[in-house]
Amino acid sequence: METKSDPIRYQTNDMNIKIEHISSAGTLPGPAVIIQIQGEINIFSAKKLKDAFNEAIDNEIYILLIDVSAVKSMDSSGIAAFIAAHARLGKIPNGSLVLFSLTPEIEKMLELTRLKSLFRTAANLTESIRLLAK
């Protein structure tokens, strides 16, 4: 698995997003990106996150592997951005969203909101790819 080209970056006062296209050499059922999120996902930054998800999907990237290891906190608007992307990808054949490297805080939030069963989660990038491998 290797990344391709220069990453795309988005930034707000509270959050940084880095998107890298990956070459899956036929391992995954379609084009994929790794989305690394750093900082706080809140009412002010969630719109940029939602825009990044939608832009990837609009560009026919239907596999989003999302690294949340550097997310310090997330409020309900952040959860809504993930749910919207998940719902949109659910209508696309082979569309998938996987959250990986969850912090204890994010994992606890997903459990408390009963959303952990909605999202595919993985310990790391390698496990994320294994979940979706053909």
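# A tour of the salt bridges and a buried serine

Start by selecting K116 and E107, whose side chains meet in a salt bridge, with N and O 2.4 Å apart. A salt bridge here is a side-chain nitrogen of Lys or Arg within 4 Å of a carboxyl oxygen of Asp or Glu.

Before you click on, know that this is a predicted model, where local features need pLDDT of at least 70, side-chain atom pairs count only at pLDDT 80 or more, and totals for chains, interfaces and linings use all residues. Residues are numbered from 1 along each chain as its sequence is written, and side-chain values use heavy atoms, leaving out hydrogens and water.

Stay with that pair and add E111 to your selection: E107, E111 and K116 are linked in a network of salt bridges. Now turn on the surface. Are K116 and E107 buried or exposed? K116 counts as partly exposed because its relative accessibility is 25%, and E107 is partly exposed too, at 27%. The cut-offs are these: buried means under 20% relative accessible area, exposed means over 50%, and partly exposed is in between (1.4 Å probe, protein chains only).

How many salt bridges does the structure hold? There are five, so let's visit some others.

Next, select K47 and D51. Their side chains form a salt bridge, 3.1 Å from N to O. Both sit in helix α1 (residues 46-58), four residues apart, which is about one turn of the helix. Helices (H or I, at least four residues) and strands (E, at least two) are DSSP runs, numbered from the N terminus. K47 is exposed, at 55% relative accessibility, while D51 is partly exposed, at 32%.

Now jump to E20 and K18. In this salt bridge the closest N and O atoms are 3.9 Å apart. E20 counts as buried, with 13% relative accessibility, whereas K18 is partly exposed, at 23%.

Time to colour a whole stretch: residues 33-132. UniProt lists them as "domain: STAS" in an unreviewed entry; its positions are given in the numbering used here, feature names are shortened, and annotations may be inferred rather than shown by experiment. The end C-alpha atoms of this span lie 13 Å apart, and the span is 45% helix and 29% strand.

For the last stop, select S128 in helix α4 (residues 125-132). With 0% relative accessibility, S128 counts as buried. What is S128 in contact with, leaving aside its neighbours within four places in sequence? Show L65, V98, F100 and A122 to see those partners; contact means heavy atoms within 4.5 Å.
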